[in-house]
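Here are a few short exercises to work through with a structure on your screen. Try each one yourself before reading the solution.

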Amino acid sequence: MDTQITLAVLAEYGVQGVQANEPMARHTTWRIGGPSDLFFRPTSVIELQNVLRAAMRLEIPVIVMGRGSNLLVLDGGIRGLVIQLHDTFAQWTLTEGCLITQSGRSLVSVANIAIREGMAGLEFATGIPGSVGGAVMMNAGAHGGEVKDVLLWADVLEFDGTLHRMTPEELQFDYRSSVLKDHPAVVASVAFALHPGNSQEMTARVRQWAQRRSATQPLSQPNCGSVFRNPPGAHAAALIEQAGLKGLIYGGAQISEKHSNFIVNLGTATAKDVLWLMRYAQKTVHDRFDIQLETEVRIIGESELALGR
Ligand SMILES: Cc1cc2nc3c(=O)[nH]c(=O)nc-3n(C[C@H](O)[C@H](O)[C@H](O)COP(=O)(O)OP(=O)(O)OC[C@H]3O[C@@H](n4cnc5c(N)ncnc54)[C@H](O)[C@@H]3O)c2cc1C
């Protein structure tokens, strides 16, 4: 891919401000990840449609991301275009019990707006540090609540730029999963159906949850939340701990001493270090308990930076 020609074609589509060779470590909560060839943060649906159409014409692979709080980007980085919907794509309105927001707004902020406005339903989300779009894609959840419980609809852009509205049934939500895992498309905006609640009671409840999180999760170290899904009837963290792996260090990464289903970046971790710990934990748990741990974290990119790029 000739970057100069590509940037010129993108400009023809009115797409300005695309960055080349952007280190993805700047955009993931793990602070890990090699460079993406091209990186763009749209500020409107039109810009988003334009960049998708230009990428299609140029036949460039597209990856969409939010806050990067559930992503392991490999050390060789990403060949193609990364579109990040986070912060710059974050307008919202609240009318008649329905909170409509663009997908780049942080889920925590949406949940806090709802609580402040006396609307209940999103309290479970106050500790989930991703974007609304990422939360829909992952059917994010905590404390017995999930996105699927409150989602009314999501407006989704296909990679050819066409926009359509999807219902929860069409999104086929499952445990930390939706249809978008197998059929990638871009969640552009979302409506949550809420009901009246008491702001003070909700605030007290989420404070307790926040205290529990900071007591049990390594929130001061770069991490990506739970690395593995909980297998049916078991907890990934308990299995990893019982396998004797709590605190194990490889390179610059460590299986957290505070929560065994978290891997933390001690400061110099590469994706290779994290992957080694993940594979080692999977093998050890399998050998010991005959249970296969599946990753919750999404792994993207290439392991090696291609020579002569
Ligand atoms: C400290 C910590 C605690 C966490 N606790 C929880 C928890 O309690 N419960 C929980 O469920 N998760 C938790 N997570 C994981 C993570 O925050 C969620 O999975 C979150 O929903 C991911 O959102 P994101 O914007 O960061 O997505 P990203 O990590 O950027 O992307 C994740 C996936 O979503 C896709 N995606 C992102 N945005 C869009 C979009 N607009 N349209 C289409 N696809 C998109 C990406 O392609 C990727 O496949 C935690 C993470 C951390 C770091």
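**Exercise 1.** Which residues does Thr88 touch, not counting residues up to four places away in sequence? Then decide whether Thr88 is buried, exposed or partly exposed.

*Solution.* Keep in mind that this is a predicted model. Start by finding Thr88 in the loop between β5 (78-84) and β6 (92-95). Leaving out residues up to four places away in sequence, Thr88 touches Arg41, Thr43 and Gly104. Next, count its surroundings: 13 other C-beta atoms lie within 10 Å of Thr88. A residue is buried at 20 or more such atoms and exposed at 12 or fewer, so Thr88 is partly exposed.

**Exercise 2.** Work out the strand order of the open sheet of three strands, and find which strands stand at the edges.

*Solution.* First, read the order: β15-β16-β17, with antiparallel pairing. Now look at the edges: β15 (249-250) and β17 (263-265) each have a single partner strand, so one side of each has no neighbour in the sheet. Then zoom in on β16 (residues 253-255), which forms three bridges with β17. Here Gln254 stands opposite Val264 in β17. Finally, add helix α9 (residues 271-289), which packs on the sheet and touches β15, β16 and β17. The direction of α9 makes about 25° with that of β16.

**Exercise 3.** How many residues surround the ligand, and which element gives the largest share of the shell?

*Solution.* The ligand is surrounded by 34 residues, and Gly66 and Gly130 are among the closest. Helix α4 (132-138) is one of the elements giving two or more residues, and its five residues are the largest share. Sorted by class, the shell has 16 nonpolar, 15 polar and three charged residues.

Technical notes: Residues are numbered from 1 along each chain as its sequence is written. This is a predicted model: local features need pLDDT of at least 70, side-chain atom pairs count only at pLDDT 80 or more; totals for chains, interfaces and linings use all residues. Two strands pair if DSSP finds at least two bridges between them. Helices (H or I, at least four residues) and strands (E, at least two) are DSSP runs, numbered from the N terminus. Two residues are in contact if their C-beta atoms, placed from the backbone, lie within 7 Å. Axes are lines fitted to C-alpha atoms, for helices over the stretch in contact, and angles run from 0 to 180 degrees between N-to-C directions. A residue is near a molecule or strand if its C-beta atom, placed from the backbone, lies within 6 Å of it. Ala, Val, Leu, Ile, Met, Phe, Trp, Tyr, Cys and Pro count as nonpolar, Asp, Glu, Lys and Arg as charged, and the others, Gly among them, as polar.
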